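Work through the exercises below with the sequence and the model at hand. Each task is followed by a solution in steps.

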Amino acid sequence: MDKDRIAGSAKDIAGKVEGAVGDMAGNAQAQASGRAREATGTVQNLYGQAKDAARDASDAAVNYAKDAYQNSGDTFRDGSQVVAKRVQENPLGALLVAGGIGFALAMLMSRPPRRPPPRWRY
């Protein structure tokens, strides 16, 4: 819990008490002062809640990133083992897939340069 939330709650309660005392005494200045203190406390409490939410979100993101980093080697290793198993089970299919990927890359990299459109002369 953030110190702004605690201070905001205290100001909010103090403002309500001051406003109630102003109502009972019929003092408009005390009523207005109480309402202003109450509003200030509410705003400070909301600010503390926002800070807590941001802190919690950043902590969750850091923990997620740490977990992803720690498990990345396992995921890569598992993927490599699956690919190796598939290649052992079907070597001809793996060769055809690799050849197709190589052919597609060669076609993408070796296309002729674009020529500008012909100009018409009148």
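A salt bridge here is a side-chain nitrogen of Lys or Arg within 4 Å of a carboxyl oxygen of Asp or Glu. The model is predicted, and every value below is computed from it.

**Exercise 1. Link between two helices**

Task: Decide what kind of contact Arg37 makes with Glu18, and state which parts of the chain the pair ties together.

Solution:
- Step 1. The closest N and O atoms of Arg37 and Glu18 are 3.5 Å apart.
- Step 2. The cut-off is 4 Å, and the pair Arg37 and Glu18 counts as a salt bridge.
- Step 3. Arg37 belongs to helix 2 and Glu18 to helix 1, so the pair ties together parts that are 19 residues apart in sequence.
- Step 4. Arg37 has 39% relative accessibility and therefore counts as partly exposed.
- Step 5. As a second check on this region, take the C-alpha atoms of Arg37 and Gly15: they are 4.7 Å apart, although 22 residues separate the two along the chain.

**Exercise 2. Packing of helix 1 and helix 2**

Task: Describe how helix 1 and helix 2 are oriented to each other, and give the handedness of their crossing.

Solution:
- Step 1. Helix 1 covers residues 3-25 and helix 2 covers residues 28-89.
- Step 2. The two helices pack at an angle of about 160 degrees, and their axes are 7 Å apart.
- Step 3. Angles over 145 degrees count as roughly antiparallel, so helix 1 and helix 2 are roughly antiparallel to each other.
- Step 4. The crossing of helix 1 and helix 2 is left-handed.

**Exercise 3. Salt bridges inside helix 2**

Task: How many salt bridges does the structure hold? For the pairs Asp52 with Arg55 and Arg86 with Glu89, compare the spacing in sequence and the exposure of the partners.

Solution:
- Step 1. There are four salt bridges in the structure, among them the two pairs of this task.
- Step 2. Asp52 and Arg55 meet at 2.9 Å, N to O, while the N to O distance for Arg86 and Glu89 is 3.7 Å.
- Step 3. Asp52 and Arg55 are three residues apart in helix 2, so about one helical turn separates them.
- Step 4. Arg86 and Glu89 are also three residues apart in helix 2, which again means about one helical turn.
- Step 5. Asp52 is buried, at 9% relative accessibility, whereas Arg55 is partly exposed, at 39%.
- Step 6. Arg86 and Glu89 are both exposed.

**Exercise 4. Asp12**

Task: Is Asp12 buried or exposed, and how far is its C-alpha atom from that of Ser72?

Solution:
- Step 1. Asp12 is located in helix 1.
- Step 2. Its relative accessible area is 17%; buried means under 20%, so Asp12 is buried.
- Step 3. Asp12 and Ser72 are 60 residues apart along the chain, and their C-alpha atoms are separated by 49 Å.

**Exercise 5. A nonpolar surface patch**

Task: Which residues form the nonpolar patch on the surface, and how does Leu105 rate for exposure?

Solution:
- Step 1. The patch is formed by Val97, Ile101, Leu105, Leu108 and Met109.
- Step 2. Together these residues have about 570 Å² of accessible area.
- Step 3. Leu105 sits in helix 3, residues 91-109.
- Step 4. The relative accessibility of Leu105 is 46%, so Leu105 counts as partly exposed.

Notes. Residues numbered from 1 in each chain as written. Predicted model: local features only at pLDDT ≥ 70, side-chain atom pairs only at ≥ 80, totals over all residues. Heavy atoms only, no water. Patch = residues over 30% accessible without salt bridge, like charges linked within 9 Å, V, L, I, M, F, W, Y side chains within 5 Å. Areas by Shrake-Rupley, 256 points an atom, 1.4 Å probe, with all protein chains shown as cover. Helix = DSSP H or I, 4+ residues; strand = E, 2+ residues; numbered from the N terminus. Buried < 20%, exposed > 50% of the residue type's maximum accessible area, 1.4 Å probe, protein only. Axes fitted to C-alpha atoms, helices over the stretch in contact; angles between N-to-C directions. Parallel < 35°, antiparallel > 145°, perpendicular 65-115°, else oblique. Left-handed = near helix turned anticlockwise from the far one by under 90°.
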